[in-house]
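Visitor: I would like to learn how to read a model of this kind, one feature at a time. Where do we begin?

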Amino acid sequence: MKAFVAGATGQTGRRIVEELIKRNIPVRALVRDLDKARGILPANVELVQGDVLQPTQLADAIADSTVILCATGATPGFDPTAPYKVDFEGTKNLVDIAKTKGIEHFVLVSSLCVSQFFHPLNLFWLILVWKKQAEEYIQKSGLTYTIVRPGGLKNEDNADGIVMQNADTLFDGSIPRQKVAQVCVEALTETAARNKVVEIVAKPEIPAQGFSELFTSVA
Ligand SMILES: NC(=O)c1ccc[n+]([C@@H]2O[C@H](COP(=O)([O-])OP(=O)(O)OC[C@H]3O[C@@H](n4cnc5c(N)ncnc54)[C@H](OP(=O)(O)O)[C@@H]3O)[C@@H](O)[C@H]2O)c1
C-alpha cells in the first residue's frame, strides 16, 4: 500500500500522515507550498507540489499511490466560491483521477450535518452543501470509499472513547483530529469500513472500542 494524502499540511492531514507513517505505510503528500510542508511533515514523506483545482497535475502527483486520503478544506474567508472549488470541485478532480489510476480505496474527511441545509455552517458559502455533493460524487464513482464525518475538530488529543454512528444520526459533539486521523487510516485495512459513511465524535463516558467493532456497528 502507498498512500496519497491531499491536504497533508492541514491540521488533520498532517495527523493522517503521522498515523500512516506509524503503521509503516509509505506516504506521498500533495502540498501547495513545499517550504511550508517541509516545516510540518516528517522527512520520510515524499512531497509533491500541486493543487486539487489543477486536475492536469494530479495523475503525475498520485504516481504509484494505491490509496487516497483527502483532508482538504476551504479556508473561511471572503471568496464565495472557495467551498464550491475546494470541497467539491477539488475532491471531484481527485475522484476522477483515482478512477483512471485504479485507486483501491478513497477516504474523505467530510463533516457532521452535511445533509442539513439550514445549518449555520452553510453561512460559510454553503460549505456543507458542497461537501455533501462531493460525498455523493464519490459514492457514485464505483471506487471503494470510506466517508468520515467528524464533529467539531480539536487539536488536543484526549482519552475519550470514539462514538461511531450511521449517516445523519449525530448532530453535535467534537473529536480530536488525532482520532479522526486514526479512523481514516484504520479504514484502509478494515473490511467493515468499505463503502460506508461514518459519523464520529468522542465522549469521555464512552469506553474505548476496537476499530473493527466500531466500523462493524455502522450500516
Ligand atoms: N474545523 C472543524 O471543526 C471541522 C469539523 C468537521 C469537518 N471539518 C472538515 O475537516 C477537514 C479538515 O479540516 P482541518 O481544519 O484539519 O483542515 P485545515 O487545517 O484547514 O487544512 C486544509 C488543508 O486543505 C489544503 N487545501 C486547501 N485548498 C487546497 C487546494 N486547492 N489544493 C490542495 N490543497 C488544498 C490546505 O493546504 P494549505 O496548507 O496549502 O493551505 C490544507 O492542507 C476539512 O474538510 C474541514 O472542512 C472541519
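Guide: Begin with a term: contact means heavy atoms within 4.5 Å. Keep in mind also that this is a predicted model. With that term, look at what covers the buried residues of helix 1: the cover includes strand 1 (3-6), strand 2 (27-31), strand 4, strand 5 and helix 6 (177-187).

Visitor: Which residues of helix 1 are buried?

Guide: A residue counts as buried under 20% relative accessible area. In helix 1 (residues 13-22), the buried residues are Gly-13, Arg-15, Ile-16, Val-17, Glu-19 and Leu-20. As a general idea, an α-helix has 3.6 residues a turn, so residues three or four places apart point the same way.

Visitor: Is Ile-21 buried or partly exposed?

Guide: Ile-21 is found in helix 1, and its relative accessible area of 21% makes it partly exposed. Leaving aside neighbours within four places in sequence, Ile-21 is in contact with Val-27, Asn-44 and Val-45. For a sense of distance, the C-alpha atoms of Ile-21 and Thr-144 are separated by 22 Å, with the two positions 123 residues apart along the chain.

Visitor: How many residues of helix 6 are buried?

Guide: Eleven of its eleven residues are buried, so helix 6 is mostly covered. Charged and polar residue names appear in that list too, but read it simply as a list: Arg-177, Gln-178, Lys-179, Val-180, Ala-181, Gln-182, Val-183, Cys-184, Val-185, Glu-186 and Ala-187.

Visitor: What should I look for in the backbone angles?

Guide: Most residues other than glycine have a negative phi. Exceptions are therefore worth listing. Ala-63 has a phi near 50 degrees, a positive value in a residue other than glycine. Trp-125 is not a glycine either, and its phi is positive at about 45 degrees. Asn-24, which follows helix 1, has a positive phi near 60 degrees.

Visitor: Where are Ala-63 and Trp-125 placed?

Guide: Ala-63 is in the loop between helix 3 (55-62) and strand 4 (67-70). Trp-125 is in the loop between strand 5 (105-109) and helix 5 (127-141). Ala-63 counts as partly exposed, at 30% relative accessibility. Trp-125 is partly exposed as well, with a relative accessible area of 34%.

Visitor: How do I read a buried residue with a polar side chain?

Guide: Check the accessibility, then look for a polar partner. Asp-87 lies in helix 4 (residues 82-101) and counts as buried because its relative accessibility is 4%. The side chain of Asp-87 reaches the backbone nitrogen of Ala-74 at 3.1 Å. Not counting residues up to four places away in sequence, Asp-87 touches Thr-72, Gly-73, Ala-74, Ala-82, Ile-127, Trp-130, Lys-131 and Ala-134.

Visitor: What does Ala-82 touch?

Guide: With residues up to four places away in sequence left out, Ala-82 touches Ala-74 and Asp-87. Ala-82 is found in helix 4 and counts as buried at 12% relative accessibility. The C-alpha atoms of Ala-82 and Gln-57 are separated by 20 Å, the two being 25 residues apart along the chain.

Visitor: Which residues come nearest to the ligand?

Guide: Of the 24 residues around the ligand, Thr-9, Thr-12, Lys-36, Thr-72 and Lys-131 come nearest. The ligand sits in the largest pocket. Helix 4 and strand 7 (152-154) each supply at least two residues of the shell around the ligand.

Visitor: What polar pairs link the ligand to the protein?

Guide: Take the pairs one by one. An N or O atom in the side chain of Lys-36 is 2.6 Å from an oxygen atom of the ligand. A polar side-chain atom of Lys-131 lies 2.7 Å from a ligand oxygen atom. With Val-52 the partner is a polar backbone atom, 3.0 Å from a nitrogen atom of the ligand. On its own the ligand has 920 Å² of accessible area, and the protein covers 81% of that.

Visitor: Is Ala-193 buried or exposed?

Guide: Ala-193 counts as buried, at 0% relative accessibility. The residue is in the loop between helix 6 and strand 10 (196-203). Beyond residues up to four places away in sequence, Ala-193 touches Tyr-145, Thr-146, Ala-187 and Phe-215.

Methods:
Residues are numbered from 1 along each chain as its sequence is written. This is a predicted model: local features need pLDDT of at least 70, side-chain atom pairs count only at pLDDT 80 or more; totals for chains, interfaces and linings use all residues. Side-chain values use heavy atoms; hydrogens and water are left out. Helices (H or I, at least four residues) and strands (E, at least two) are DSSP runs, numbered from the N terminus. Buried means under 20% relative accessible area, exposed over 50%, partly exposed in between (1.4 Å probe, protein chains only). A polar contact is a pair of N or O atoms within 3.5 Å; within protein, one must be able to donate a hydrogen and the other to accept it, and residues adjacent in sequence count only if both atoms are side-chain atoms. A residue is near a molecule or strand if one of its heavy atoms lies within 4 Å of it. Accessible areas come from the Shrake-Rupley method with a 1.4 Å probe; for residues, only the protein chains shown count as cover. On a 1 Å grid over the protein atoms alone, a cavity is a set of points where a 1.4 Å probe fits but cannot get out, and a pocket is an open set with protein on both sides within 12 Å along at least five of seven lines; lining residues have an atom within 4 Å of a point. A molecule sits in a cavity or pocket if more than half of its atoms lie within 2 Å of its grid points.
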